[in-house]
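Trainee: Got a few minutes? I'd like to go through this one and ask why things get the labels they get.
Mentor: Sure, pull it up and fire away.

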Amino acid sequence: MACHSVDRGVNRLGPSLAGIMGRTSGTVPGFAYSPAMKNAKIRWDAKSLDVFLTKPAAKVPGSKMIFAGLPNPADRANLIAYLASSSGK
């Protein structure tokens, strides 16, 4: 987890993912988002995360996200379940 943390207020290369469910993209205080992510206005939920995590650059072209994506649906589902369970940290 060099890129992200699930702890509130802990930004790394990427913003904290604490409380991601229901949050709008590009809104974590103190993180310098790309204009693309700020302007994407994605409301993160299981469906939007599934699409994004499949291939981030296709969903938000111009994002600073360097992660290539998770092509395996089971891997995405597991990650989304983890993020949902960690949203209260």
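Mentor: Let's begin with Gly14, which sits in the segment before helix 1. Keep in mind that we're looking at a predicted model.

Trainee: Okay, why is Gly14 called buried?
Mentor: Its relative accessible area is 6%. Buried means under 20%, so Gly14 gets that label.

Trainee: And which residues does Gly14 touch, leaving aside neighbours within four places in sequence?
Mentor: Cys3, His4 and Phe31. They count as contacts because heavy atoms lie within 4.5 Å. Val60 is another story: 46 residues along the chain from Gly14, with 15 Å between the C-alpha atoms.

Trainee: What makes Gly9 exposed?
Mentor: Gly9 has 72% relative accessibility, and exposed means over 50%, so the label follows. Gly9 is also in the segment before helix 1, which spans 35-40.

Trainee: How far apart are Gly9 and Gly69 in space?
Mentor: 24 Å, C-alpha to C-alpha, with their positions 60 residues apart in sequence.

Trainee: Why is Asp7 called partly exposed?
Mentor: Asp7 comes in at 37% relative accessible area. Under 20% would be buried and over 50% exposed, so Asp7 lands in between. Asp7 belongs to the segment before helix 1 too. From Asp7 to Leu17, 10 residues along the chain, the C-alpha separation is 7.2 Å.

Trainee: What about Lys38: why is that one partly exposed?
Mentor: Lys38 has a relative accessible area of 43%, and partly exposed is what lies between the 20% and 50% cut-offs, so the label fits. Lys38 is in helix 1.

Trainee: Which residues does Lys38 touch, not counting those up to four places away in sequence?
Mentor: Ser25, Gly26 and Tyr33. As for His4, 34 residues away from Lys38 along the chain, the C-alpha atoms are separated by 17 Å.

Trainee: What makes Lys41 worth a stop?
Mentor: Its backbone. Lys41 has a positive phi of about 55 degrees although it is not a glycine. Most residues other than glycine have a negative phi. You'll find Lys41 in the loop between helix 1 and helix 2.

Trainee: How do you know that Lys41 is exposed?
Mentor: Lys41 has 58% relative accessible area, and the cut-off for exposed is over 50%, so Lys41 clears that bar.

Trainee: Now an arginine: why is Arg76 called buried?
Mentor: Arg76 shows 8% relative accessible area, against a limit of under 20%, so buried is the right word. Arg76 is part of helix 4, and with residues up to four places away set aside, Arg76 touches Asp50, Leu53, Thr54, Leu70 and Pro71.

Trainee: Let's turn to the largest pocket. Which residues lie nearest its centre?
Mentor: His4, Gly14, Pro15, Leu17 and Met65, out of 29 lining residues. The space in that pocket is about 650 Å³.

Trainee: What makes those 29 residues count as lining?
Mentor: Each has an atom within 4 Å of a pocket point. By class, 19 are nonpolar, 8 polar and 2 charged.

Trainee: Which helix gives the most to that lining?
Mentor: Helix 2, with 3 residues. Helix 2 (46-54) and helix 4 (73-85) each supply at least two.

Trainee: Zooming out, how many helices and strands does the chain have?
Mentor: 4 helices and 0 strands, so the order from the N terminus reads α-α-α-α.

Trainee: Why is the chain called as compact as a globular protein of its length?
Mentor: The radius of gyration is 12 Å, and the globule rule also gives 12 Å for 89 residues, so the description holds. The C-alpha atoms fill a box of roughly 30 × 30 × 25 Å along the principal axes.

Trainee: How much of the chain counts as buried?
Mentor: 37% of the 89 residues. On the outside, the chain exposes about 5,200 Å², with carbon and sulfur atoms supplying 61% of that.

Trainee: And what share of the contacts with a separation of 6 or more comes from residues 24 or more positions apart?
Mentor: 33%.

Terms used: Residues numbered from 1 in each chain as written. Predicted model: local features only at pLDDT ≥ 70, side-chain atom pairs only at ≥ 80, totals over all residues. Heavy atoms only, no water. 1 Å grid on protein atoms, 1.4 Å probe; cavity = no way out; pocket = protein on both sides within 12 Å on 5 of 7 lines; lining within 4 Å. Points joined across faces, edges and corners; volume = space filled by probe spheres on them. Nonpolar A, V, L, I, M, F, W, Y, C, P; charged D, E, K, R; others polar. Buried < 20%, exposed > 50% of the residue type's maximum accessible area, 1.4 Å probe, protein only. Rg over C-alpha atoms; globule rule 2.2 N^0.38 Å. Areas by Shrake-Rupley, 256 points an atom, 1.4 Å probe, with all protein chains shown as cover.
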